[in-house]
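Colleague: Could you take me through one part of this model in detail? I would like to start from a single side-chain pair and work outwards to what surrounds it.

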Amino acid sequence: MSDADASWADGEIAAASSEPELSTSEFVDFGVVRGKVEELLAEQGDSALELLEQMHRWPDTTRHLDDNVWLYETMGQLLRERGRNEEALQSYERGFALEPRQRTLVTAYADLLFSVDRFEDGLKAVQQLLLHHRRNLPPDELAGIYRRLGASYEALGHYQKARTAFEKALEQDQGDQAALSGLLRVVSQSAEPTEVIHVRQKLVRSLKEASQRSIALLALGDDWFNEFNDAGRALDVYEQALAEDSQNRTALERIPETLPTVVVTSSPVPT
């Protein structure tokens, strides 16, 4: 930035520190100020945030739309990094109201809403993301959006909607373990035991670590034993769990506990 530009920017900053006197139809040359902020961001965020907080006192009508969106998104990010979540939300909300199609702003806004358990508002933000960007999002990002939708619907007790969202996440990434775990939770709430078994089997296949597969197989064995009274299948699955991880003590204990039940079940009925 030249000395003249720097001097101009300093003048703009000084003006912004007082109550604006510009007409709401008169545009501020925000480009130089934006450049100054970006310089400060590279050095220290606190000075950049102070400048942004001064500049946002000018009416939105004195800046172009893209400058407003950049201002509120950048302020939101800096405020959140400093734990000032309520102020960050206010900044994101102003940007969202001006341009609900701005992908990075809406993503950050939705993420913060979910983190403070404002699920209904988070859902609205995510719906805007899907409405405007679904076709352009990479599969992993789209899976993440549907996963957050599923978790939000689950928190609100809308289990069927949560199930649909988790299943859509899995359409984008079949190995998404968080989506599979979420699907298992909501299916357990509202579906038949056979569907729970099906989801558990998918979860087992998705796991890369033997110890994780062993734990998932143990839960699957418990389902066969408790929900279906099928000791034979339960025993088979417990043995698979032990084969995956010989240190799984619970699986080791389940086998001798289950074995007598298998023997009794398979013995001929006395006449």
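Modeller: Happy to! This is a predicted model, and a good place to begin is the salt bridge between the side chains of D111 and R80, at 2.7 Å from N to O. Because D111 belongs to helix α6 and R80 to helix α4, the pair ties together parts that are 31 residues apart in sequence. By the rule used here, the count of salt bridges comes to 20.

Now step back to the two helices. The axes of α4 (residues 65-81) and α6 come within 10 Å and cross at roughly 35 degrees, and the crossing is left-handed. On the α4 side, V69, E73 and R80 make the contact, and they meet T104, L105, A108, D111, L112 and S115 in α6. Sorted by class, the residues of this contact are four nonpolar, two polar and three charged.

D111 also leads us to another feature, since the residue is part of the lining of the largest pocket. That pocket has a volume of about 180 Å³. Besides D111, the lining includes T107, A110 and F114, along with V126, L129, E141, G144, I145, R147 and R148. Three helices each supply at least two of the lining residues: α6 (103-115), α7 (119-133) and α8 (139-155). The largest share, five residues, comes from α8. By class, the pocket lining has five nonpolar, two polar and four charged residues. So, to return to your starting pair, D111 meets R80 in a salt bridge and is also among the residues that line the largest pocket.

How values were computed. Residues numbered from 1 in each chain as written. Predicted model: local features only at pLDDT ≥ 70, side-chain atom pairs only at ≥ 80, totals over all residues. Heavy atoms only, no water. 1 Å grid on protein atoms, 1.4 Å probe; cavity = no way out; pocket = protein on both sides within 12 Å on 5 of 7 lines; lining within 4 Å. Points joined across faces, edges and corners; volume = space filled by probe spheres on them. Helix = DSSP H or I, 4+ residues; strand = E, 2+ residues; numbered from the N terminus. Nonpolar A, V, L, I, M, F, W, Y, C, P; charged D, E, K, R; others polar. Axes fitted to C-alpha atoms, helices over the stretch in contact; angles between N-to-C directions. Left-handed = near helix turned anticlockwise from the far one by under 90°. Contact = heavy atoms within 4.5 Å. Salt bridge = Lys/Arg side-chain N within 4 Å of Asp/Glu carboxyl O.
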